[in-house]
Structure formats: C-alpha cells, structure tokens
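Biologist: Before accepting the terms applied to a model, I should like to hear the criterion behind each of them. Could we go through them in turn?

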Amino acid sequence: MSYVIEGSTGPWEIVVGLEVHCQVISESKLFSGASTKFGNEPNTNVSLVDAAMPGMLPVVNAQCVRQAVKTGLGLKAKINKESVFARKNYFYADLPQGYQISQFDKPIVGEGTIILDMPDGSTKSVGIERLHLEQDAGKSMHDQDPKYSHIDLNRSGVALMEIVSMPDIRTPEEAGAYLTKLRAIVRYLGTCDGNMNEGSMRCDANVSVRRPGEPFGTRCEIKNVNSIRFVMQAIEIEAKRQVEVLEAGGEIVQETRLYDQRLGETRSMRSKEMAHDYRYFPDPDLLPLVFDDAFISEIEKELPELPDEKKARFMRENGLSAYDAGVLVAEKEKADYYEIVAKGRDGKLAANWVITNLFGALNKAEVGIADSPVSAENLGKLIDLISNDTISGRIAKDVFEIMIETGDDPEKIVEEKGLKQITDTGAIEGAIDEVIAANPDKVQEIRDGKDRMLGWFVGQVMKATGGKANPGMVNKLLRDKILG
Amino acid sequence: MTDLTKLTLAEARDGLAKGEYTSVELTEAHLKSMEAHRNLNAYITETPEKAIEMAKASDAKRAKGEAGKMEGLPIAVKDLFCTEGVQTTAASHILEGFKPEYESTVTSKLFENGAVMLGKANLDEFAMGSSNTSSYYGNAINPWKGKDGKDLVPGGSSGGSAAAVAANMALAATGTDTGGSIRQPASYCGIVGLKPTYGRCSRWGIVAFASSLDQAGPMTKTVRDAAIMLGSMAGHDAKDSTSAPMAVPDFEAALTGDIRGMKIGIPKEYRVDGMPEEISKLWDDGVAMLRDAGAEVVDVTLPHTKYALGTYYIVAPAEASSNLARYDGLRYGQRVMDEGDSLDDMYMKSRAAGFGKEVQRRIMIGTYVLSAGYYDAYYNKALKVRRRIYEDFANAFGTVDTILAPTAPSAAFAIGENEGDPVKMYLNDVFTVPASLAGLPGLSLPTGLSSEGLPLGLQLIGKPFDEETVLRVGGVLESAANFTAKPSGLEG
Amino acid sequence: MSSLDKETVRRIAYLSRINVSEEGLSELAGDLTRILDFVEELQEVDVEGCEPLTSVADLTLPLRKDEVTDGNIQQKVLSNAPMTDAGCFVVPKVVE
C-alpha cells in the first residue's frame with residue numbers, strides 16, 4: 001500500500017524514522033542507587049551522584065543492562081557483547097553533570113526488526129537500527145514563578161533505552177502500528193511499561209518527503225509527541241508542510257520542531273545561533289561493558305512468548321485470522337485472557353466472544369482488561385452453555401449483558417432467570433403447530449416455493465417460546481411439518 | 001621534649017604507641033607550626049578545633065587498645081578531597097563556601113585508621129598546574145628559599161601539601177597526581193611523594209580533573225612513611241568503577257632494604273636535549289647508588305616518550321572540560337545571576353567569574369579537541385598514542401623490575417618566573433607525565449641538591465600494582481642518598 | 001597549522017559556557033593554536049592498527065545489584081544550593 005501526498009506538482013512520498021525513549025523498569029537508577037519510583041517529593045529520589053556533586057562517580061545497574069539485552073532479544077536484534085558508555089556534553093538546567101551518559105559508537109544492541117500488524121491484516125517489516133542505554137534528565141517546571149524555573153532531579157539518571165528505527169516507515173498508519181507493536185513488545189518483556197501519556201515511553205519522529213523513486217529529502221525532527229495518535233497526526237501535518245514548502249520552491253531546513261495538537265501544526269523550536277556539538281567521547285569513569293554468551297542465554301531463557309509468536313500460534317492452533325489474532329496479542333493480558341477462554345473450546349467462537357462482545361463492552365465502559373467484570377473462566381462457561389445447547393446464541397447475548405452488570409457466573413444467571421433453551425421436541429412441536437394453524441396462507445406460500453418465509457415462521461416460534469426454543473430444532477421441525 | 005614536628009610518621013607512630021606523648025600534644029605542636037609558617041600559605045582552610053577533637057578521640061581510642069594504622073597522626077588533606085562539613089574549594093572561587101555532605105573514600109579510610117586532619121592544603125586550582133600559582137586563595141610558597149632569598153614555587157598541583165610536609169606543618173599530606181602533581185612538588189620541596197597505580201586508591205569524593213589519570217597518594221618525609229600511609233589510603237571501592245579489585249599488601253613489609261639482583265631500567269629517551277648538567281649527574285649518581293646496592297642497571301627504551309606531553313595536553317583537558325561542566329552555579333558553588341539573565345547568562349557569568357584563567361584555558365582547550373570535526377585527529381589520535389606509550393612501558397618491564405629517572409628537569413623556580421609561558425610551565429611535567437598516561441606507580445624522593453642548594457628528586461616507576469618494588473628500591477636509594485638537608489626558609 | 005580565528009574561539013567559549021572578553025578571545029586563540037603544535041607532533045606517530053586507550057585499568061565494567069541503596073537525602077542535596085524553593089533548585093526562567 002502506498003501513501004502519497006498529492007501536491008500541486010505531483011505525488012510525494014513520506015519517509016519516517018522513529019526514535020523512541022523507553023524508561024527501563026528497575027528498582028534503582030542506571031548509575032546510582034536512588035529509587036526510580038514515580039511521584040515522590042522533589043529531589044528525594046536523588047543521590048549525590050544524581051546531583052552531580054564534586055567527586056561523584058557512576059556505577060552501572062546490572063538489571064538495566066539485562067533489560068536492554070532482553071529488549072534487544074525481543075527485537076530480534078544483534079546483542080553487542082562489548083559496548084561503551086559515552087558522554088554527550090551540553091548544558092541544561094535538568095542535566096546536572098553537564099553531560100548525559102549515553103552510548104555513541106558502540107551501543108549495547110545493534111540491528112533488529114519489528115513486524116508491524118496493519119489494520120487490514122497484512123504485515124510489514126521495519127528495521128531497527130540500534131538500541132542503547134542512557135540517563136534520563138531531570139524535570140524543569142516553568143509555571144511555578146514568573147521569573148524562575150524550578151528543577152527537580154528525581155528523574156535524573158533513570159535508565160532509558162533509546163530505540164532507533166531505520167527510516168523504513170512510509171505512512172502515518174505504519175508509524176502508529178510500529179509504536180503499538182513496540183509498546184506491546186516491551187510490555188510483554190516487562191522492560192518498560194510503555195505509558196506514553198505518563199512519559200515512560202516518548203517518541204521523536206524524523207520526517208522527510210520525496211518524489212517517488214528519488215533519494216531521501218532533508219528531514220525534520222518532531223520531538224516529544226506523547227501519544228500514538230498524535231504521532232500519526234504530527235507526521236501527516238509535517239509531511240504536508242514540507243510538501244507545501246518544496247512546491248513553493250523553498251528548501252527544508254533541518255531542524256527540531258514541536259507538534260501543537262491544539263493548533264494542528266508543527267513549530268520550529270527556538271533555535272540557537274550555534275548548533276549543538278555534543279563532543280561525544282568514551283566516559284573515562286566507566287570501563288567497557290562486556291558480557292558473555294552465558295549472560296545472554298540466561299536472559300533468553302526468561303523470554304516470554306512474544307506477540308508475533310503468540311499471534312502465529314493462535315492462527316495455527318486456534319484457526320484465527322491474522323486480524324483477530326493480532327487484536328488478541330496486542331496486549332499480553334488480553335492474550336492471556338483469551339487463552340483461558342479458548343482452552344478446550346472452539347478457538348474461533350472464543351475469539352468472537354472475546355473480541356466482539358467483551359472488548360466491545362470494555363471499550364464502551366472505558367475499562368481495561370485487568371478490570372473486566374467478566375472473568376475469563378465465566379466467559380468460557382458461557383460458551384460451554386451455548387455449545388452444549390443449554391442456551392441459544394441469542395439468549396447467550398442477554399446473559400452476557402447481565403454478566404457485564406453483575407460479574408456473575410452464567411450458569412447461575414441461566415438457572416435464576418429460567419433461560420434454559422427448550423429442546424424438548426414435544427414442546428417445540430406444540431408451538432409450531434400453533435403458529436402454522438394461525439397462518440395457513442403463509443404456509444401455502446412456503447409450499448409454493450417461497451423458502452424465505454420459513455425464517456419468518458422460525459421467528460414467530462422463537463417469540464412464542466420466549467426465545468428459548470433451540471432455533472436449529474425449530475427450523476428442522478418446521479421444515480418437516482410444512483414441507484414434509 | 002623533642003620538637004614533635006620534626007618527627008617522621010613512623011617515629012610518631014612509635015612514640016604514640018610507647019606513650020611518649022599524646023596525639024593531642026602532637027597535634028597542638030603542628031597547629032603551632034601552622035601558625036608560625038602561615039606566610040607559606042600552605043593551607044587554604046585550617047581546622048584546629050576539629051583537629052583537637054579528632055586527637056582527643058584518638059587518644060581515647062588508643063587507651064581502649066583500639067589503635068588504627070594511622071592512629072593519632074596529624075596530616076594535611078589536599079583541598080581536592082571532599083571532607084564532610086569542612087569547606088572544600090579545589091582552590092577555586094567557584095567552590096568557595098562549598099561544604100560537602102560526604103567524605104571522600106580515601107580520607108574516610110585515613111580517618112577510620114585514626115588520622116587527624118589539620119586542615120585543607122593549598123593546590124593549583126582544580127589541580128591544573130605545576131607551581132601552585134593558580135590558586136584563588138593565593139600562592140603556596142616553598143619553604144626552601146632561592147639563593148637571593150626569592151620566594152620559590154613549591155611545585156604543583158599539590159604544592160600546599162608538599163610545603164606543609166617540608167615545613168613540618170604536618171607529619172604527612174594527601175596529594176593527587178594526574179600528570180605529576182604529587183611527584184614534582186615532592187621533588188621541589190625535598191620530600192617523598194608516591195603516585196600509586198591507577199585504580200589502587202578510590203577516586204570517589206575527589207574533585208575530578210582528568211578521570212583516566214587522577215590518582216590519590218601520600219606525600220611524606222620518608223619512603224617508610226609513604227608505605228605506611230598508602231596502606232591506609234588504598235583499597236577497592238565499589239563506588240568507583242575504575243577502582244581495582246586488588247588486595248592491599250603490607251607495603252611497609254616491602255622495605256626489606258635488599259635489592260640485590262633487581263634490574264633497574266634507565267630509559268634513554270629521558271636524557272633529553274638541553275638537560276641541565278646537574279640533573280644528569282643526579283641521575284648518574286642514583287644509578288651508581290643502586291648498582292652499589294647490588295642491583296643490575298639495564299638500558300631500556302621508551303620510544304614514544306617525546307609524544308607524552310602532547311598526548312597528555314590533549315587527553316587531560318578533554319576530560320577536564322567535561323568533568324568541570326557541573327560547576328555551573330546551579331546546585332552548589334558561586335552563582336552570578338543578574339536581573340533579567342537567562343540560564344545561559346547565568347552559566348557564562350558564573351563560570352567566567354568562578355574559574356581562574358588557567359582553568360578556563362584548559363576547559364576551552366578540552367572543548368576544542370573534542371569538537372566536531374576534530375575528534376578523530378586530536379582526541380582519538382592522542383588516545384592511540386597513549387596506547388603506544390603504555391606498550392613501551394609494558395615492553396620495558398619485560399626486562400626490568402623498575403625504572404629510574406629524574407622527577408623534574410630543574411629545581412624549584414622563583415614565583416612568577418615562568419608566568420605567561422604555558423609551554424615552559426608544561427615542560428615541568430615532562431618526566432612525570434608518561435607514567436601517568438600508562439597508569440603506573442611512581443615514587444619521587446630527594447637524592448641531591450642543585451647548585452643553588454635546592455632539592456632535586458629522582459623517581460622510580462614500577463609495574464602496575466607493584467608499589468612494593470618501587471618502595472623497596474626507593475628505600476634503598478633513600479638510605480644511600482642520605483638526603484638530610486632542610487629548607488633554609490624554616491627557623492629553628 | 002594556521003592559527004584559529006576569533007569566531008571559532010567564540011564558539012568554543014560558548015560551548016564551554018564561559019564569558020570571554022574580546023581580548024580574552026584573542027589570547028585564547030593563541031593558546032589554542034599552541035595546542036595545535038602538540039597535535040601536529042602526534043601526527044607523525046604510527047598508530048596503524050592501534051586501538052585508542054581510554055582506560056589503563058585493565059578491567060571491564062563491574063555491575064551493581066539493582067536495589068535502592070541511596071537517595072532520600074533531600075536536605076543534603078539542596079544544602080549547598082544558591083537558590084531553592086519548595087524542594088527544588090531555582091534558576092532563571094527557561095523558555096523552551
């Protein structure tokens with residue numbers, strides 16, 4: 001599928017690369033023993049090292065290294081057994097050392113791949129360029145005082161994984177799918193909680209445009225967009241802006257821009273006369289980070305089944321479509337829920353109930369799977385009640401509504417409300433005879449060839465039995481009686 | 001009673017153990033000496049109350065039979081080591097008034113072992129210099145006087161530490177050495193200075209200058225004293241990732257006095273063009289002494305020696321430019337902020353007002369060599385040459401146990417003599433820098449006097465973590481040289 | 001090597017965040033040029049196949065156990081600050 005912006009002079013393609021910063025799940029910071037816990041009083045999750053006091057030195061957190069390797073494995077990427085921490089030097093109020101400890105020439109993880117699940121069920125492969133570890137900066141607050149800014153270093157030094165994609169993304173939709181998948185992967189792995197609106201996952205988008213077939217154009221970086229939806233919007237708006245500039249004969253200036261979602265535009269960040277020169281060099285307080293194959297294997301053993309593998313398994317074992325399987329694996333909790341429902345049951349039927357009915361209800365109530373009033377076990381039981389003909393599919397929907405309200409066991413609901421399906425042939429025949437007797441002309445129409453009227457009769461019989469007759473049986477008995 | 005300030009660390013240790021005097025008496029004697037020689041400006045901050053408090057506590061500890069390895073011994077601490085609750089300035093205006101809420105690992109260990117702190121010794125600002133003439137708190141002055149009575153530099157950067165020990169204002173002092181900052185002032189002041197192997201002592205809590213070169217070490221009156229003090233400074237520290245996980249040997253036990261059969265290397269490249277005659281002679285005399293003591297003298301070659309200074313003056317400022325970025329007036333130190341100033345204005349004004357000229361110069365040199373476009377040709381290239389220098393030593397140590405060379409190309413010079421000539425100043429470091437670049441232990445001790453009667457030092461460079469050999473050979477050299485001269489600038 | 005121009009020196013002073021006067025800039029230009037002499041000297045060294053030496057410590061990076069062992073010292077962190085308010089460091093307003 002190709003996405004083009006129709007300019008006045010012809011079509012333009014967009015080229016997008018995404019840089020995502022993921023806060024690493026760990027107890028303490030990357031180079032200090034201070035807590036990473038969110039929400040504490042200002043400057044309480046701060047050690048002397050984080051405050052960059054004279055003479056302080058960094059010591060690397062083993063778990064952060066493992067989390068980075070784990071994420072690299074989840075991205076099917078090359079793990080670099082030797083990597084180097086480098087200092088990125090610049091001055092800013094939230095950067096106490098006057099440099100950020102990051103990785104430059106030799107990152108801990110090299111090239112990998114993410115497979116995007118597109119809405120139409122197709123997939124697309126996007127390359128990962130690298131993943132490296134670096135320190136997060138502190139927080140500046142500018143609204144506490146007209147003349148001053150306030151600095152809180154609680155976040156300073158928390159471990160981040162910077163994940164850089166290759167410029168393989170070609171549509172805003174693909175960008176959305178990339179972020180969705182990346183988020184799913186890190187959440188599956190437990191290496192980052194992927195919360196864009198809380199800032200534990202942040203995205204910068206590099207956007208450029210070009211005529212089809214031509215080399216890449218100059219790109220602009222859109223920084224710190226805090227939701228997947230806004231990333232998609234920002235890309236589209238920025239690309240359109242660039243096309244307008246180029247078609248008017250202008251040039252794209254390589255710069256950093258901000259996305260303003262209220263105004264629906266991107267804006268150049270206040271640029272300094274002098275460009276940044278980060279003067280990267282290997283941090284002399286830290287030695288090369290080296291680990292062996294055994295270290296990596298230990299981590300590999302801990303890997304859970306990842307979204308792609310789970311999706312393939314659902315398709316294979318449960319006969320699900322790519323789309324359905326994709327929806328289920330988007331969140332591990334959803335997939336786990338589904339597996340309980342599907343266990344020992346018809347996988348497709350389970351998928352329909354989970355996706356259409358359950359997710360539909362949850363979305364409407366704006367509730368996450370973790371807070372679902374209907375437990376997986378109970379939903380499974382509901383499906384069993386349908387499969388063993390205790391209730392019809394139609395009744396099941398009603399039972400489900402009640403389950404959403406009350407969280408009750410479906411067997412209990414069916415019992416209490418007397419919703420059991422009527423399968424007693426005699427009772428059904430009785431109802432059928434009544435309807436036939438009341439509608440002799442319609443019976444004649446069926447005998448004359450209007451098969452469709454059978455459906456009407458079925459409906460009438462269902463109505464007469466309060467919906468509880470087994471529709472399959474009604475159909476069969478009707479046919480027998482009317483058509484002989 | 002003997003003049004307690006004339007004792008060595010070892011003598012005082014024994015005297016205290018025998019109960020001949022108390023730590024309080026020892027400390028008071030030194031405090032008096034500090035008062036009498038205040039003109040030397042060896043101390044930035046004197047801590048008399050704290051010293052007496054520590055001395056009293058020490059005497060009490062001793063009475064309970066819990067004496068540590070440095071128990072009750074009064075020392076000066078170079079004002080580059082963060083000392084809890086005591087002003088730590090790095091001899092800079094930008095840290096004036098800064099009181100650390102933490103103690104450096106090295107001073108922690110010394111105090112745990114019972115040492116008493118007399119005060120914070122003067123130094124070149126941020127340890128950048130070899131003359132202690134760049135301190136915001138005034139020059140430190142060498143207790144040795146020039147022939148015409150001129151004030152001489154004590155060397156640097158640990159000039160205050162050296163002056164304090166040489167003038168009997170402390171039994172010993174801590175110093176740091178990045179390119180020669182312990183060894184060269186030791187040589188200029190006629191005392192012993194030891195730069196341990198990189199990683200032997202922790203850098204945690206020491207104001208960082210050049211992270212891959214900085215190393216703390218003892219500055220003392222004798223080689224034995226250096227061995228004693230190093231034992232209380234060294235040791236692995238988990239808070240310093242570059243700290244070596246090596247056990248601390250009994251350094252004092254290494255002073256066997258026996259160096260028969262040991263091989264002493266003489267690097268031919270250290271015999272530089274225009275080397276003063278007296279330095280050459282000093283060296284030859286040293287060689288003879290060691291030969292007489294039964295050692296074998298072997299010529300070695302360190303081919304990349306002449307590139308060491310250039311390498312150092314690219315690598316050290318580069319690291320310093322980054323290490324000193326944290327001094328921005330935001331979280332501690334002096335801040336200059338006027339009405340309407342932006343954050344950048346605050347940075348630029350604070351740092352311009354807070355840093356002295358030499359520090360500013362080195363920061364900017366460092367920024368320059370790391371700049372885009374220059375990294376490969378300057379910094380990265382220098383790091384490769386550094387490896388060559390390291391390899392030179394590794395090769396040489398394939399055939400010898402230690403290397404003997406002069407410490408400095410001259411005796412102490414007059415204050416102001418080399419001012420305005422950074423290149424001449426830089427040449428002070430020419431013999432000491434290579435060992436720093438290679439991370440090797442280096443010991444300087446006085447073995448002779450210049451034609452003007454000023455101390456000259458020789459240094460011994462050892463294999464990584466082989467301070468024991470360096471101390472052993474140093475002890476023998478010290479005995480043989482029998483340097484007994486005292487500074488002319490001291491009364492009594 | 002040619003001497004450095006004032007604009008380069010001005011840029012370096014800015015990157016270093018140090019205010020330097022006009023004459024200071026000229027003097028600095030001289031200092032930086034002298035360093036270039038050292039750089040030029042190093043050019044003649046054969047470093048073919050030589051890896052840069054970033055640390056003489058013959059070690060690899062020690063890894064620290066992931067536990068909270070530090071922090072919760074707000075008072076100590078702020079005690080030397082020139083200006084604080086409500087537990088934060090205070091600086092001139094930054095416009096992003």
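Modeller: The discussion below takes up burial, the cores, the interface and some backbone features.

Modeller: This is a predicted model, in which local features need pLDDT of at least 70 and side-chain atom pairs count only at pLDDT 80 or more, whereas totals for chains, interfaces and linings use all residues. Residues are numbered from 1 along each chain as its sequence is written, chains are lettered from A and ligands numbered from 1 in the order written, and side-chain values use heavy atoms, without hydrogens and water.

Biologist: Why is Ala127(B) called buried?

Modeller: Buried means under 20% relative accessible area, exposed over 50%, and partly exposed in between (1.4 Å probe, protein chains only). Ala127(B) has 2% relative accessibility and therefore counts as buried. Asn132(B), with a relative accessible area of 0%, is buried as well.

Biologist: What makes the backbone of Ala127(B) and of Asn132(B) noteworthy?

Modeller: Phi of Ala127(B) is near 65 degrees, a positive value in a residue other than glycine. Asn132(B), also not a glycine, has a positive phi of about 55 degrees. Ala127(B) lies in the loop between strand 3 and helix 5 of chain B, and Asn132(B) is placed in that loop too. Strands (E, at least two residues) and helices (H or I, at least four) are DSSP runs numbered from the N terminus.

Biologist: Which peptide bond is cis, with omega near 10 degrees?

Modeller: The cis bond runs from Gly156(B) to Ser157(B). Ser157(B) is found in the loop between strand 3 (116-121) and helix 5 (159-166) of chain B.

Biologist: Which residues have the most contacts inside the largest nonpolar core?

Modeller: They are Phe126(B), Phe393(B) and Leu404(B), in a core of 206 residues. Such a core is a set of buried Ala, Val, Leu, Ile, Met, Phe, Trp, Tyr and Cys residues joined through side-chain atoms within 4.5 Å. A second, separate core of 108 residues includes Val186(A) and Leu419(A).

Biologist: How do you know that Asp285(A) forms a salt bridge with Arg203(B)?

Modeller: The rule asks for a side-chain nitrogen of Lys or Arg within 4 Å of a carboxyl oxygen of Asp or Glu. The closest N and O atoms of Asp285(A) and Arg203(B) are 2.9 Å apart, so the pair qualifies. Across the interface of chain A and chain B the rule finds 2 salt bridges.

Biologist: How much area do chain A and chain B bury between them?

Modeller: The figure is about 2,900 Å², 60% of it on carbon and sulfur atoms. Buried area is the accessible area (1.4 Å probe) that two parts lose on being put together, summed over both. In chain A, Pro54(A), Leu57(A) and Phe91(A) lose the most area to chain B.
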